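Consider how this chain is put together, from its contacts and its core to its strands and helices. The walk-through below takes these in turn.

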Amino acid sequence: MAKRTIWQRLKYKNIAIALAILLILIILIVNSCSKNEDVPDDSNDNLPQTSVDNTEPEVPEPVVFEKYDMITVSSEEIGKGYLVLVNNNTVYNTQVDEDSLSIVGQAKTGRYPVKDYTVLLDNSIIAPLDEMMKGFLEATNLNTVMILSGYRTYEKQQELYNDELESTGQDSSTLVAKPGYSEHHTGLAIDFKVYNTDGTYQDFDGTGDYVWFSDNSYKYGFINRYPADKTAITMIDNEPWHFRYVGIPHATAMKKNGLCLEEYVDLLKNYTVDTGFFEVSDDSGTEYRIYYVAGGDESTNIPIPLKENGQPYEYTYSGNNVDGFIVTVTMN
Ligand SMILES: [Zn+2]
């Protein structure tokens, strides 16, 4: 056997080294590729690895409407509608028409107590309130939830505010809003109280059987307006007794996304005719597309989508009491 020269030996050694380096590189590349497919969250390291799905992800059809009609509304309507935001920073300047209010004790059809005939609410929310109270009665066999308070004038709110300051000795309150800054001025807000069968009263604390309301009110268009986990945003203490009507699509959207009204009104500004719609389905399967239209100085043109036959979709709009309008289109 011929002896290899030193040069031949070196050549074989170099090839072996080169092959080893190549092998290490391949291992490193393969390794790093498979790492990228892992879930980058440490907490998932122990989970069984799912096989890589090579099928294209299903991209939802972009929502577009072909044609719009324009309606023009005056800018003072920014203060009207079910989505008006009223809080410690957002005054409610809208003059509520007395004809739009009803005496709840007279207008209601449900079996639930109302404090007295001074309790007024916006005409249009008595029927959903009746429905909600019927739902509660069916679920719990209780009709102990009393309507304590509804619409309030500025004078009434001033009285309550003064009483609160007097009783606490503070010069401001996180429990009673200043006059002009209470959503009770809208006729869309309700305070509950529990009226026991023995004739005694207690605060509605939303616990026990009464959890039903925070769980189900959205199905009727009402939200628990000042929940405990949103006090930093609402700037109002937890008020389990205070409910606000916003309509079923919006109450559903807020409930399902864990948003309070401040957050929701803010979020909707990202959804416009140009950028795309906020979509929500209510529990009965009705689909809605929701979008924001910035308010103009004196009037605002609101685009309303048209069906293929040229007829407008069913829609509603509401001012947000800040800077524009929210349009809600019913799709089916
Ligand atoms: Zn209230």
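Two residues count as being in contact if their C-beta atoms, placed from the backbone, lie within 7 Å. The model discussed here is predicted. With that cut-off, Phe-222 is in contact with Met-132, Ser-217, Phe-243, Arg-244, Tyr-245 and Ala-251, once its neighbours within four places in sequence are left aside. Phe-222 also belongs to the largest nonpolar core, a set of 59 residues in which Phe-222 and Ile-223 have the most contacts. At least three residues of this core come from each of domain 1 (62-83 + 248-332) and domain 2 (91-245). In soluble globular proteins, nonpolar side chains tend to be buried together.

For the chain as a whole, 31% of the 332 residues are buried. The secondary structure comprises 8 helices and 13 strands. Of the contacts between residues at least 6 apart in sequence, 64% join residues at least 24 apart.

One sheet is open and has 4 strands, in the order β9-β10-β13-β12, with antiparallel pairing. Its edges are β9 (278-281) and β12 (314-319); each has a single partner strand, so one side of each is left without a neighbour in the sheet. From one strand to the next, the twist averages 25 degrees. Within this sheet, strand β10 (residues 287-294) and strand β13 (residues 324-330) run antiparallel and are joined by 7 bridges. One position can be located directly: Arg-289 has Val-329 in β13 as its bridge partner. Helix α7 (residues 248-257) packs on the sheet and touches β9, β10 and β13. The direction of α7 makes about 95 degrees with that of β9.

Another antiparallel pair is formed by β1 and strand β11 (residues 299-306), with 8 bridges between them. Here Tyr-68 has Pro-305 in β11 as its bridge partner. How many of the 8 residues of strand β1 (residues 67-74) are buried? The count is 0, and the strand is hardly covered. In a regular strand the side chains alternate between the two faces of the sheet.

Helix α4 (residues 154-168) allows a check on helix geometry. At 1.5 Å a residue, its 15 residues should span 21 Å, and its end C-alpha atoms are 21 Å apart, so the expected and computed spans agree. The expected span is 1.5 Å times one less than the number of residues. Just after α4, Gly-169 takes a positive phi of about 75 degrees.

Note on methods. Residues are numbered from 1 along each chain as its sequence is written. This is a predicted model: local features need pLDDT of at least 70, side-chain atom pairs count only at pLDDT 80 or more; totals for chains, interfaces and linings use all residues. A residue is buried if 20 or more other C-beta atoms lie within 10 Å of its own, exposed if 12 or fewer, and partly exposed in between; C-beta atoms are placed from the backbone. Helices (H or I, at least four residues) and strands (E, at least two) are DSSP runs, numbered from the N terminus. Two strands pair if DSSP finds at least two bridges between them. A nonpolar core is a set of buried Ala, Val, Leu, Ile, Met, Phe, Trp, Tyr and Cys residues joined through C-beta atoms within 7 Å. Domain bounds come from an automatic or database domain assignment. Axes are lines fitted to C-alpha atoms, for helices over the stretch in contact, and angles run from 0 to 180 degrees between N-to-C directions.
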